[in-house]
Each structure stands twice: as C-alpha cells, then as structure tokens.
Amino acid sequence: MISQERKMESIGTSPARLDAREKVTGRTTYGADLRLPGMLYAKVLRSPYPHARILRVDGSKVRNLPGVAAVVTGEDYPGTLGVTIHDQNFLARGKVRFVGDAVAAVAAVDLDTAEEALSLIRVDYEPLSALLDPGEAMKNREVLIHEDLAQYSVAAGIFPFAGTNICNHFKLRRGNVDRGFRESDLVLEDTYTSHMVQHAHLEPHASVAQVDPSGRILVWSNTQTPYFNRKALAKGLNLPLTQVRVMCTALGGGFGGKSYLRAEPVCVALALKTKGRPVKLVYTREEEFGVAPVRHPTMIRCKTGMRKDGTWVAQETELIFDTGAYADIGPRVCRNAGFSAAGPYKVPSVRIDSYCVYTNKPVGGAFRGFGIPQMTWAIESHLDVMAEKLGLDPVELRLKNAVEEGSLSVTGQVLHSVGLKETIRQAAEKISWGKGLGTNRGKGIACMHKSTVTPSSSSAFVKLNEDASVTILCSAVEMGQGSSTILAQIAAEELSIPVEKIAVVRPDTDVTPYDMASVSSRSTFFAGNAVRRAAADAREQLLQIAAEILEANPRDLVIDSGKVMVRGVPERAILISDLPLGEAFYVGVKGSRGMGRPVLGRGSFTVEDATPLDRETGQGKNPSAFWMYATQAAEVEVEPRSGRVKILRISSAHDVGKSIHPVSIEGQIQGALVMGVGTALFEEMELENGRVKNPTLAEYKLPSALDAPEMIPIIVEEPHSQGPFGAKGLGEPALAPTAAAIANAIYAAVGVRVKDLPITPEKILEGLRRKEGK
Amino acid sequence: MKPFAYLEPTTLEEALDLLQGYGKRAKVLAGGTDLVVQMKQGKINPEVVINLSRIRELNFMKIDSEIRIGPLTPLSRIASHPSFTGRLALLREAALAVGDEQIRNTATLGGNIANASPSADMPPALLTLGAKVKLQKKGGKRIVGLEEFCVGPFCTHLEEEELIVEVSVSPIPEGSGAYVWRPKRTAVDETLVGVGAWLRGDREKKTCLQASLALSSVAPIPIRCRRAESFLQGKALSPEIFRQAGEIAATEASPRSRADYRTNLISILTEEALEKAWGRTPS
C-alpha cells in the first residue's frame, strides 16, 4: 500500500547525486573503458557508396593474417533486426543503403591488426542510383531502397506503403478543416525545414560480447534499452531469452542515441566465432557521425487559420521525416510528431499527414524530443508570423489558445496535469516581456508539449539489507540524467530512510527486472512508480516483522531514525538493523519468536487505459500517460552588419508535475537548452553524395560553456494524479522550443524570419539585404 | 596512428643533433595541437617524433624596446603577459583567438607559426609589427622575415633540419595595434576572419603616418593588405576613412569557402581593428 499524504522528507530536496563522486573524480568505468581478459578488438568495413549492390565480399586473405581471430560478413547471419520494421540484418546482405553500412567485420588481437585486416578484404560493388532528397524519395517508384518492404515484419501502428520509399504514414483527421479555413479571417501557409544533427555524446557507442562456456551470449554495452536489446538479439539469433544476457555499463551520455542495437550486433556476430574470447567494438568519432543514428531532417508545411482575435480555427500540417537507410525508430518519431503537430493548443479542426521516408543517408533515430523539436520549430515559428499579421502579441496569442486542465487534445484525449499557461506567464515575465529593448535586440517566445511512449511498463525490486540499508533493482538506465538518485529519493521517502542508505543496481537482464527502456522522459514516472510500489511493499513486510517482535499492530508502527516504533510510544521501538531481515533467529533471541525472513519488495507499473490511435483519423483517448509542457523566452541581440546573433538570456519554464530533485531538474533544463542552442545556431551535419563531410568534433561545432547564454530555469508544478508524488518527466522538453524562441527573437530584433535550420549569420545577413532591397 | 619512435631532447643542441640525424623521417612536436590531429587522421606518418617541450631554453619572453619570444612559449603565457596591453594588446588578442584555455596552455607560438595554417592568428598580428623568425640548424643560423617565412598553406621556409629558435620584433615600432576576429561558428572555433592592424598616427593632427594591416584565414597564407595600407598613409583618420580602408582590404583577400560572407567580414573587422588600434594611440 502506498503511504498517505505527509510532509516530504526526501522528495523536493536535492541530495548529492549517488554517482557524483565517482564521476567528478574520473573513476567511473564507462563502456569504452571496459576490458576483459583475452579480449579481441573489432573493426568494421563500411560501405563507401550510398546505395550499391554487393557483388562479392572476399575475406580469404585476412584469414592468413596473424592475430586475426574472426571475420564475418552479412552472409553469415540471415537473422533480421529492426525497431519498428525488420529491415536490417547483423551486417548488410545483398545491398548497402548508406555510406557506412557494415559490410564485413574482423576481430583481432589489437586495433592495428584489425585495421590491417580490413584493408585485405575485397568487396565488389555495383553502384545504384542514390536517393538523397526525401521529397524525391517519396515520389520515386523506380528506385526502391527496400524492395522487400511489403515482406518485412512491421510493429503495430506503423503503416508502410509497399512499392514506395515511404515506411510510415500517420494520419490525423478532426473536425472540418476546409470549413475552418473558410471561416478564418487569416489563413497562412509556410514551410519550415530542419537539419541533420548528431547527439554527440562524449562517450562513443561501445559494446563487448562474449560467449560463455555454457554457450550463453553475454553483452556489455552502454545502452539505454537493455531489455529491448536482449529480445532483439535473441530473436535475431533464434534463441530463447535466457541465452542472452545484457549488462549495462556506465553511460557517458545517451540522449536517445544509445537506444536499441548499435555496436552490439557486429560485436555478437564476431564473438560467436571467437571460441569464448570477448570482442570489443567502440565507434570512432567518424562512426559516431556516419553510422550512429542522427536527428531526422524534416520538411514541415503548416497552414493555419485564425480569426481576427487570434482564435485558432483550423490547422493543416504535413511533415516529412527523412529517416535514412533503415527505419529504426523513425516511423514512431514520425507518428509522435504527427499527433503532436498542432502544438499544445485547442484547435477544433485539424488535418495532419506525417510521412517517414527512406533515403540513402545516415539513419534517423531517437534523439531527445523524438520529433518534437522539429515540429515545434515549425509551428512555433509559424505562430509568430500569424501573431504579427493579426497584430497580436505572441504571448497573448499563445495564452488565448493554450490547453488547460480538462481540454480535449486533437486526438480526443481529456488532458490532465496541464501547467502550460503558467509556464508561458513565468517564462515571459522572467525576461521582462514587453518591456524596453535596445536597438537590434528582440525577444521571442515558444511553447512545447510532448507525450511519453504509451503503453509501457516498468518493474522494480527493493531489497532491504540486514543492516537496514536498501538496494534497488530496476532497469532504468542512469546516463547522467540523474534517474538513480531520483529513484533512491522515491524509495527513501516511502521507507522513511535517508537516501545515503540506498544503492541502485546497474541494469542487467539476468538480475534487474523488466523496464521498457530509458527513453521518452519516462523513467521518473514509470520506473519511479514501480520503485515506489516496491518500496511500499518492502515497508509493509518490514512492519509485519517488527509488529511480531513489538507485539503491535503493523498499522500502529512508524519508521523513524532507523527504528521501527509504536506511534506515540517511543520506548516500544526496535532498530531496523536488529530485526531478523536475513539470518533467521532462534526463539527468544532479541525477543523474537523464532522467526526471520529477508524483505524483498516488488512493484510494477503501467497505465492500464492506453489506447491505440485510429489508423484513419489518429483519434484515441489515451495515447500518452502524461504530457510535458514548457515555454522558453529568449532575448537576443543581432549584429546587423555581420548577421551574428548573441543570445542575451533565455528563460525556460517547465511543468514537471512535482519536482523531486530541483537541482537535477535545473541541470536537465540547462543541459537541454544549450543543446537547443547548438541545434539552432551551430550544429549541422554536412553531407556530400550521402557522405558526412564533417565527422569530427573539430568540424561539427557543439556549443561550449562560452556559447551558453544566461539561463533562467523555472519549475512549475501541476501534479499528475498517477505520477509518483505527482511527478512527470523532464529529460527532453528544454531542447524543443529553443530554436523557435531564438528565431522569433531574431525576427523581433531585425525583422528577418529564418525558416531553415540552423540559423547562420549568412542567412540573417541575406534576410537583411533582401529587406533593404525592398 | 602508425607506430613511431618518440624522443625527448632537453637541450637545443640535442634537438638539432637529432634533426640532423633523422632529417625527413622526423617530425617535431611542440604542443601537439596540430601535429597529433594530423597524425591521427593519417595525413602524416613520421617514423620519429621529436618532442621539444622539455627544452626550457626555448620557452622565454623578453620585452623591452624589442620583443623576443621563444618558440616553445605557450600561447596562454603570451595572452597573460603584462606588457601585451595598451598599444601592444594585439598580441594578447591574437593569442586569445586560439582555441580555449586548455588549448592555449598547450599550443605554442612556434607551433602556431611553423604549422602555417591559413587560419592561424599569431602570424597576422606579428606581421603588422614586422616580426622576424630566427631559424637554426646544426652549424647554421639565419633570420627570415615572417612574411617571407610563410610560403603556402601548411608550408614554410623551414628546412627539414631547422628549428625556429626565436620570434622577434626589433625594435617595437611606434604606434598601437589591435587584432579582431570572428570564429567560424562557436566561441571556441577556428578563425573565420582575423584582422591585425598597426597604426602610427599624429595624435594632434589625427592623421595616419603609417599603417600596417594583415589578415588571417582569407588567403592561402596570412597576408598584408598593401593597398589599404597605402590608402591610409597620410589620411586624416575618421570612421569614414576606416570604412573605406576596410572595403579596400576586402579586395586584397582571396577567400575560398563562404567567400561572400568572409569578404563582408573583412571590411567590418578591418574597420573595427583600425578604430581599436587608433583608440590605443599613446597620448
């Protein structure tokens, strides 16, 4: 039973993070640091072509090279892999579909030998025409990147078009859009594009695989999705789940990029041929850019109809997601952005078409925000254009249309825990919205909402140790976001013990119980609830044992300062560490009646009323267990002669339901915001015929501390009835509105509207010249 | 990276002996911020790497009526030297244009010059001061003007067995200078355009007696803007004259990528550098 309302002791405080000391002192062993006895090093031979038929792979010369233990090609492993569509193999078979597709791999005693081995492998290709533009790929029926699309196994809710390059089409129909436009005073249409960016976590993807003496496959990797990986590998190799064990290493950043299988398949493929020797594969930075997933470039056309007073009447949006060579999670990104594409607003008539399109480019994957940053960039830029034409203040226009408690979403969901309006007010106020500005300065605002993957579930064990310390077993992955500490706080609160007495076990599919994945800002809500239930279960077991010793009713017992005591009778108390929690006691020892049993609390959580979205209308009553809301307001200064932008400050207000660890929340907001600044102004993967031209951190520019603006994080709490202590998620939102907030501020400053990301000085200067020319 | 032998001489003499012995097969490492990157990319594969960073005699700064700086002086030391303020602030500004604090602690003046990257920041600032480099090899020394020293992108007059042993400005000319720059994208980034300016003017008459302008990152090598310099000579200085000088300077460059934008930036930054330099004229 979950405990009743009382004064919080741990929730809402900011204890030192459980992982802070080891990370700050540089002692953490990350995936890339892992080393096992007898370990071999893997290297992958990758396609130089964006699209080509593999005619022949000849690795015969490699086998004579001393120090090489295994060579594999796609032909060795017929099993299929995929997240939404099974369109991939362990290594490419028959065709390569992007520059960087794995063609062959070797395991050798060291990296130099492995590299030399690669140079001895001969591959004959027949180059095919490459599709690099998603608009063209959508139309082209001659060149098909996946000829067998119709035969692939596809996840529920994903709708590919056989005979095309479209791997998903999400549709939403609500109200009467055409009538809505007719009844509008202003209808405006425009297209916004966004670019390809990379997560650029400092630690690259790393995996070690080994076949143990019993034949089981052990995989260590820095993954956000251990349970997904176990199932996918087992299925790909046609093995029962017991034969694959996935163990998470520490993660040096994830941001979605370490979801699903990355370095693992090649690593496992090699390990199956090395007679028990472990094989390690660590991506180089070049592979991080060319092979690891990227954020989908998009083209988003928005058509908006409003009345003079800013009442939003109708919305039509078409989104095209360029998902690259393999579907990966792209179809869900496309769907997620699709049903969110009208923004966090009350819009009665909506027509949305969201397409996910194959191209011969790097693979689009999950990336902090999952399609929401792109869609927010478009609609929030477009809203400001509407506001200007209608002569309305951008803040007022948003407040007028913003969803609130009880509003109906565009899919027909009754919304709950909606702090959006408060985030708008506070974000605007913190940068003194509407008050004096210098020359070439401007302020801009943008809102966002985001769903969480639904349905999904998490489970946890809470183990009470004999000395009254607690070990949490769950499969939420700590990747720097602070989930371990938050889960420990939740258990601490439920068990009335200090956070320092709690340890959280790193996910291991043999040890820690099921969790869907550490994605979609879901860990606090789902894993948090599972841990809370497990802790409540442990508490109940603990009180039962104490009740027998104290000869009291468990309902009358409280836990305080490491003791269990009868409420109001402090002398009737026993130290938790004196209770028989492991070894059993004889009759009479410490007053017991010959009892003793380990305490193992168990908890799991899912939302039980999740509904799919209708294929034709996109309607559904609960596509998301909770919604996150945020507003950012930026003040910028533009240097008009050079077009350079200086961000003076950005406020970022977030409805988090309930703040469990305020310092971590501020850290999440600041981290995501700087990432948003990078996407808006600096980062850009440049491609030439499908090849990444700037695959290093010297050429792909990430913002540093010197580029970070003054940041004003704001926490808004609109509790969610199902959230642990009312909490919702926060990992993704702060990156989503940043680009639009900056673009809107630039427009306010110098009257230039940039519609394609990133916002470079050249584009602003060009806009200024065009404006002068008029 | 291919395997290589690694040597660490502690004296100049030892280093010159090694260079004579290994010649072409050796590469010299100072801070390594350029060399190591090129080795990792496989662009160069030396058999021997000679690390100079233990040669203390090459890490020095002497500043009085002239400037003498050892090639192994880290850029952070140049950036924080008390003499490089006021009229000499351009050397601090150029040093600060390179990387971030950590890079500047490692990168050296000699490396910044000898690597001869078109986007290096120290050479244009030094060019405006008429700097010279002293080169030495076993059994010979020579002094070369910095302008002659750079011959092409990543290409200098340095012979295989030679080292830069000193960078000098002698005497420090009258006047005052400034170095202004903009990065390619982020705050810590390669220089997109850098402009060094040195002005000797008549404070009372507000006229320019002599001007010296040099650009980074807009030509195969750091270049002097002779036409803009002669335009300025004898002119009564005003914002309008600075603006015109900027426009002339822009015509003297030959940027490759982002050419229009860089050209525009040359005008703006030249104007800014001249104004800043003029503002620093000693009264």
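These legends go with four close-up views of aromatic rings in a predicted model.

**View 1. A:Tyr227 meets A:Tyr514 edge-to-face.** Searching the whole structure turns up 14 aromatic pairs over all chains, and here is one of them, made by A:Tyr227 and A:Tyr514. The two ring centres are 5.2 Å apart, with 65° between the planes. A:Tyr227 belongs to helix α5 (residues 226-236) of chain A, while A:Tyr514 sits in the loop between β23 (502-505) and α13 (523-550) of chain A, so this pair ties together parts that are 287 residues apart in sequence. How buried or exposed are the two partners? A:Tyr227 has 10% relative accessibility, which is under the 20% cut-off, so this residue counts as buried. A:Tyr514, at 39%, falls between 20% and 50%, so this one counts as partly exposed.

**View 2. A:Phe525 and A:Phe526 pair up, and they belong to a cluster.** A:Phe525 and A:Phe526 also form an edge-to-face pair, with 5.2 Å from centre to centre and 65° between the planes. Take a look at their surroundings: both A:Phe525 and A:Phe526 are buried. Which residues do ring pairs link into a cluster here? They are A:Phe525, A:Phe526, A:Phe605 and A:Phe626.

**View 3. B:Arg203 lies over the face of B:Trp278.** Now we hop over to chain B, where an arginine joins a ring. B:Arg203 is 5.5 Å from the ring centre of B:Trp278.

**View 4. B:Lys235 puts its charged end over a ring.** The ring belongs to B:Phe231. From the centre of that ring to the charged end of B:Lys235 is 4.2 Å.

Technical notes:
Residues are numbered from 1 along each chain as its sequence is written. Chains are lettered from A and ligands numbered from 1 in the order in which they are written. This is a predicted model: local features need pLDDT of at least 70, side-chain atom pairs count only at pLDDT 80 or more; totals for chains, interfaces and linings use all residues. Side-chain values use heavy atoms; hydrogens and water are left out. Rings of Phe, Tyr and Trp (its six-membered ring) pair if their centres lie within 6.5 Å; planes under 30 degrees apart count as stacked, over 60 as edge-to-face and the rest as tilted. Helices (H or I, at least four residues) and strands (E, at least two) are DSSP runs, numbered from the N terminus. Buried means under 20% relative accessible area, exposed over 50%, partly exposed in between (1.4 Å probe, protein chains only). A charge sits over a ring if NZ of Lys or CZ of Arg is within 6 Å of the ring centre and within 35 degrees of the ring normal.
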